Structures are given as structure tokens and as C-alpha cells.
Amino acid sequence: MKKSPIRIRKLPLWGCTTALVTALACGGAVNAADEGLAAPQFSNAVAFDVSPPARGLSKANAAGPHVLDGGLINIRPDRGPGVTNSGFSGDGALERGAARIQSLMSMPTLPAPNLTFEGLSNADNLAVLGFRVAPPDPVGDVGPDHYVEMINLVFAVYDKQGNLLAGPSSLGSLWEGFAVDDCTDNSGDPIVVYDQLEDRWILTQFTTRFATGMFYNCVAISQTGDPTGAYYRYAFPAGEFFPDYPKYGVWTHSYLLTSRDFGVGPAGGYGISVYALEKRKMLAGNPDARAVQFFLDSDEIPLSLVGDGLLPADIDGTRRPQDHDPAPIIGTMDDDYVYGAPFDGLNVFELFIKWRADPVASLRLAARLPVASFDSDFPCAPTARDCLPQPGVTEPTRFLDVQSYRQRPMHRLAYRNFGQYEAMVTNQSVEARPGFAGVRWYEVRRTDDGYSVYQQGTFAPDDGVHRWMGSIAMDWQGNMLLGYSVTNATDVYPGIRYAGRMSGDSLGEMSLGEGVIINGTGSQLTTSSRWGDYTSMNVDPTDDCTFWYVNQYYAITELAAWQTRVASITLPGCTAKED
């Protein structure tokens with residue numbers, strides 16, 4: 001087994017200690033495009049085999065994560081600083097479109113969903129595993145004939161009418177009998193992505209047990225375009241740091257991965273890892289597939305630069321980036337937060353890799369882009385997770401987690417190549433009005449001249465409803481759909497809604513108003529307050545027009561009876577793209 005390149009370090013007080021730190025964080029000048037941030041560490045997969053077909057997997061597997069109230073299982077205890085709210089600092093993207101949004105809300109022009117169907121739920125965890133969990137981490141993706149959904153701690157395959165084809169099966173069952181036994185645990189934080197360039201499915205989870213002195217990223221890639229079939233199974237080493245909150249993306253010659261890494265020993269330590277996995281060999285089922293890892297160590301890199309996570313680009317559409325173009329990786333920063341950001345902005349990194357016999361890779365900071373002011377520091381109490389009210393819930397300890405305080409964009413960083421420019425869209429939860437959550441969304445463009453924020457907006461109509469935990473994507477015409485959670489204290493139970501815009505509409509506006517995927521009819525009563533921690537908006541590869549979205553909601557008031565709903569929606573005037 002390859003020895004981990006990562007040293008365990010104590011998490012320091014933020015400060016200016018190196019030339020790069022001084023230049024970026026303390027006012028000095030730096031040519032970001034020329035600065036390497038970390039040395040590449042190459043490794044091979046430490047284990048490989050082929051799974052049985054997913055359609056025949058067993059539906060029970062033991063697990064032992066952390067226990068919350070009422071026997072509820074906590075998948076991943078929260079890590080990171082607790083923050084005292086410093087008051088509302090305003091939102092520069094809300095003010096420009098607030099009146100327009102209010103007028104659109106009275107005359108919504110969004111189409112209703114093409115269909116919705118019931119996805120996985122905590123009842124599936126109880127049936128398959130014998131216990132329930134929080135949070136759900138709902139995620140999915142769509143292919144030509146299937147929709148695959150993963151949650152903590154099970155997954156399933158559906159046809160595109162919502163009929164169940166495989167599962168629900170435990171996450172660990174996908175790796176049953178695998179040489180790295182840690183992967184057979186039901187550890188969680190799953191991600192599924194469909195690679196439409198190759199017609200393959202990638203299903204993943206992290207490991208938590210650290211039994212061998214190593215953590216792993218467990219990656220399964222379908223042998224064919226059928227997600228109910230067999231998978232090539234890989235375990236890639238993650239070193240001695242726990243690879244929290246992993247996020248994956250599809251690139252031309254690599255699968256991309258980022259994680260939020262915590263040292264598990266008494267010395268602690270913190271950083272962000274950025275990986276590329278060798279796509280060609282994984283597609284072929286080659287056991288010698290390689291990975292490259294860049295560890296952005298908080299001892300050496302300002303926390304404002306890496307925050308609480310980075311998002312890798314994930315290709316939508318069939319138009320590829322130019323061969324060997326670097327992959328964008330994006331993070332967010334708030335100048336009112338304790339990490340000491342110089343301004344509200346987006347940090348854009350570029351990952352370059354050539355998978356040759358002697359591979360070459362680099363990670364550089366390509367741009368720091370100022371954005372309209374936003375406030376990510378939400379007034380939560382008594383803990384940092386007790387944030388958003390629900391009907392019938394009077395104890396703040398049972399309020400819902402907004403997660404805006406985490407300095408990171410929300411899944412996905414949806415990438416699309418339009419020829420003259422490349423576009424990426426993502427979002428984050430913010431305090432849009434005093435004490436009210438909204439969704440800040442961005443379109444970032446890359447041209448020969450570099451990166452720029454082409455447009456941005458904060459969707460938060462002044463109607464007393466919190467909107468948060470979003471995901472956004474763009475169809476082939478440049479139209480956008482944004483999905484998110486909703487709640488308030490009186491009559492809006494936790495449910496799922498969406499907003500949209502057409503490509504030619506005024507910049508910075510979700511100009512089509514708001515639609516409903518499903519209205520909640522119950523509230524969550526667990527004092528863990530966990531919600532999310534992410535959702536997924538994806539685009540159907542068959543027409544490059546139809547959006548598919550999955551999120552959680554409540555139908556009954558109960559400790560943790562969360563359910564998920566999957567919806568497909570097509571914006572007006574979008575017709576199937578002809579290749």
C-alpha cells in the first residue's frame with residue numbers, strides 16, 4: 001500500500017506565514033495564474049475488481065455510525081468552526097431584481113413538471129438496514145433510459161417513468177466482497193454522476209473506519225450504459241485525513257474529485273484535496289488506474305482561499321472542452337466570515353493533467369472574482385445548525401440547518417461549452433434579507449481572456465418563505481433551472497420548489513417565477529437539525545433540454561421521516577438538440 005503523502009498538522013490560527021499566503025491574504029500582489037499551490041501526489045488504485053450486477057445486490061448490510069436522538073444515526077458529525085452571527089450585511093444581487101421578482105411571482109410563467117415520482121426515503125433505510133439516518137444527502141443523475149438516485153445510506157435505479165428497476169440496496173452492498181473492506185461499510189456522502197461522453201455511470205462513497213491507517217475514496221464505474229449491470233470497483237487512497245464531503249465531476253480525460261479533509265489524530269489538521277482519476281483506464285476496467293491528489297494545507301494556504309470545500313466542473317452536453325484544457329474548480333468566500341476573506345468572491349482554480357507514462361499535473365489559482373455582496377453568516381441559535389423555522393415547531397433546537405455559513409458552493413458546478421465561451425453555473429445559500437434565507441446563483445464564463453462573472457442573482461421573494469439548499473444547471477440553449485428547499489414558521493412545511501430563466505432574459509433574474517415540485521405537509525422534529533447536505537439538478541442527455549431534480553421533503557410531522565421527490569421539467573421553447 002502506498003504511504004500517504006499527507007502529514008497530520010494542527011489547525012492553526014489563521015495568519016500570514018508564507019510568500020503565497022502573504023500575497024493573497026495580506027495585500028501583496030501575486031500573479032495567481034503562475035502560482036502552484038501544492039505538489040502533485042500520484043498513486044494507483046489500491047484495489048480493483050468487478051461487482052455482481054446491481055439488479056441482484058443484497059438489500060441488507062451492517063453499519064455503525066454515530067447515534068443521535070431517538071436512535072437516529074448521524075452519518076457525518078459536523079466539523080468546522082462555530083460562528084457567532086455578526087448581523088445582516090446586505091445582499092447586492094437581491095436589490096437589483098427584487099421588484100421584478102415580486103411581479104413575476106404573481107404571474108408565474110414556469111411550466112409544471114413533466115412528471116414527479118417518489119424517490120428514496122428514510123423508510124428505505126429502516127427496511128434495508130434496520131435504522132434511520134440524518135442527513136439524507138439526496139443526489140441523482142439521468143441517462144438515456146434511467147434515473148439513479150443515491151441517499152444516505154441506500155441507492156436505487158429507476159426507469160424514466162419512475163418505475164423501480166433495482167434496489168433499494170445499501171451503499172455498502174455495491175462493494176460487497178471487495179478487497180478493501182472499508183468500502184463495504186455503509187459510510188455515506190454518496191455521489192452519482194452520469195458520463196454522457198462515454199455512456200457510463202459513476203457511483204461513489206467515502207470510508208470512515210480508518211482500520212488500516214488509511215481512508216479511501218470508493219468509486220464504482222458501470223461496465224456499460226446499464227446502471228443495473230456490473231461495475232468496475234476501485235479504491236483510491238485518501239491518506240490519513242478523513243475525506244469529508246466528496247464531490248465528483250466528469251471531465252474529458254479524468255473524473256474529478258474534491259474533499260474536505262480532517263486529520264483524525266490528536267494533532268488534528270485541515271485542508272482541501274483536489275483529485276483527478278485516470279478515466280481511460282477506469283473505462284477499460286484496468287486495475288492500474290491512477291490518481292493524482294493535491295492537498296491544499298491550511299498551514300500553508302489561507303482558509304479564505306479554500307473555505308469549507310471546492311466544487312469540480314461537471315460536463316453537461318456533448319461539446320467537450322478543448323483537448324487537455326484544464327478543469328475549473330471553484331470555491332466561495334465571504335469577507336464577513338471568520339476566515340478573513342479580502343472581499344466577497346469566487347476563487348477559481350485550474351487542474352491540469354496529462355495521463356502519460358510519466359504523468360504531469362498541476363493545480364493553480366486562476367482567478368479571484370469579486371461578486372455582489374452577500375451574507376453567508378445566518379442568525380442561528382442555540383447552535384450553528386438551528387436556523388430555519390417550521391410550522392408547529394416552537395423549539396429552536398428543532399429548526400432546520402441552512403448551511404449558508406459553510407464557505408462553499410453547492411453541488412453542482414455544471415459546465416457547458418458554447419464554443420465562443422465556456423459557462424459554469426453554481427449556487428450557495430445566503431441570508432438574503434434579515435433573518436431570511438435565499439439562494440445566490442452565479443454564471444461564470446471562461447474565454448481566451450480568462451474568467452469573469454457573467455451574471456449573478458439572489459432569488460428570495462419577499463413573501464416570508466425561506467429558500468435554501470439549491471442546485472442549478474443550464475440546458476443547451478443557455479436556459480437555467482434552479483431547485484431548492486422551502487419552509488417558514490406558519491404555513492409552508494419543508495417542501496421543494498424551483499425557479500427558472502430563459503437565456504435572453506435580463507441578466508441576474510429568475511424571470512420565469514417559481515413552481516412547485518411538492519408541497520410539504522409535515523415538519524422534522526429531530527434536534528440534530530440536519531438538512532441536505534446537498535441536492536442535484538441535472539440535464540437529460542437525450543434532448544439536452546429536460547432538467548431532472550431531486551431533493552428532500554416532509555409529508556408527516558415526525559422525528560426523521562424525510563422523503564425524497566424526483567421531478568423532470570422542460571422550459572418553454574427548448575427543443576431537442578441535434579448533434
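# Briefing on a predicted protein chain

In this predicted model, Glu-558 sits in the loop that connects β32 (547-554) and β33. The protein chain has five helices and 33 strands. It holds 579 residues, and 64% of them count as buried. Of the contacts between residues at least 6 apart in sequence, 66% join residues at least 24 apart.

**Glu-558 and Thr-526**

- Glu-558 is partly exposed, because its relative accessibility is 24%, and partly exposed residues fall between under 20% (buried) and over 50% (exposed).
- Leaving aside residues up to four places away in sequence, Glu-558 touches Arg-132, Ser-523, Gln-524 and Leu-525.
- The side chain of Glu-558 also reaches the backbone nitrogen of Ala-560, at 2.8 Å.
- Glu-558 and Thr-526 are 32 residues apart in sequence, and their C-alpha atoms are 8.0 Å apart in space.
- Thr-526 belongs to another loop, the one between β30 (514-520) and β31 (536-539).
- Thr-526 counts as buried because its relative accessibility is 0%.
- A polar atom of the Thr-526 side chain lies 3.1 Å from the backbone nitrogen of Ser-528.

**Helix α3**

- Helix α3 covers residues 122-129, and its buried residues are Asn-122, Asp-124, Asn-125, Val-128 and Leu-129.
- These buried residues lie on the same side of α3, because they cover an arc of only 150° around the axis.
- Ala-123 and Ala-127, on the other side of α3, are exposed.
- The buried residues of α3 are covered by elements including β5 (115-121), β6 (133-134), β9 (154-159), β10 (164-170) and β33 (562-569).
- At the N-terminal end, α3 is capped by Ser-121, which has a side-chain oxygen 3.2 Å from the backbone nitrogen of Ala-123.
- Gly-130 follows α3 and has a positive phi, near 90°.

**The largest pocket**

- The largest pocket contains about 300 Å³ of space.
- Its lining is made up of 19 residues, and those nearest the centre of the pocket are Asp-325, Glu-422, Arg-446, Thr-447 and Asp-448.
- Three strands, β22 (360-370), β25 (436-447) and β26 (450-459), each supply at least two residues of this lining.
- By residue type, the lining of the largest pocket has eight charged, six polar and five nonpolar residues.

**Cavities**

- Rolling a probe the size of a water molecule over the atoms shows where empty space is left.
- There are four cavities of 30 Å³ or more in the model.
- The second largest cavity has a volume of about 80 Å³.
- Residues lining the second largest cavity include Trp-251, Thr-252, His-253, Ser-254 and Leu-256.
- Also in this lining are His-324, Asp-325, Pro-326, Ala-327, Leu-351, Phe-352 and Ile-353.
- Two strands, β16 (254-263) and β21 (345-354), give two or more residues to the lining of the second largest cavity.
- The most comes from β21, with three residues.
- The lining of the second largest cavity divides into seven nonpolar residues, four polar and one charged.
- Asp-325 lines the second largest cavity and is also one of the residues nearest the centre of the largest pocket.

**Thr-487 and its surroundings**

- Thr-487 is part of strand β28, which runs over residues 480-487.
- Thr-487 has a relative accessible area of 0% and is therefore buried.
- Not counting residues up to four places away in sequence, Thr-487 touches residues including Leu-388, Pro-389, Gln-390, Pro-391 and Leu-400.
- Its other contacts by this count are Val-465, His-466, Trp-468, Val-492, Tyr-493 and Pro-494.
- With Val-492, the side chain of Thr-487 reaches the backbone oxygen at 3.4 Å.

**Thr-394**

- Thr-394 is located in the loop between β22 and β23 (410-417).
- Thr-394 counts as exposed because its relative accessibility is 72%, and the cut-off for exposed is over 50%.
- Thr-394 and Ala-489 are 95 residues apart along the chain, and 8.7 Å separates their C-alpha atoms.

Definitions and conventions
Residues numbered from 1 in each chain as written. Predicted model: local features only at pLDDT ≥ 70, side-chain atom pairs only at ≥ 80, totals over all residues. Heavy atoms only, no water. 1 Å grid on protein atoms, 1.4 Å probe; cavity = no way out; pocket = protein on both sides within 12 Å on 5 of 7 lines; lining within 4 Å. Points joined across faces, edges and corners; volume = space filled by probe spheres on them. Helix = DSSP H or I, 4+ residues; strand = E, 2+ residues; numbered from the N terminus. Nonpolar A, V, L, I, M, F, W, Y, C, P; charged D, E, K, R; others polar. Buried < 20%, exposed > 50% of the residue type's maximum accessible area, 1.4 Å probe, protein only. Arc of directions from axis to C-beta. Contact = heavy atoms within 4.5 Å. Polar contact = N/O pair within 3.5 Å; in protein donor to acceptor, adjacent residues only side chain to side chain.
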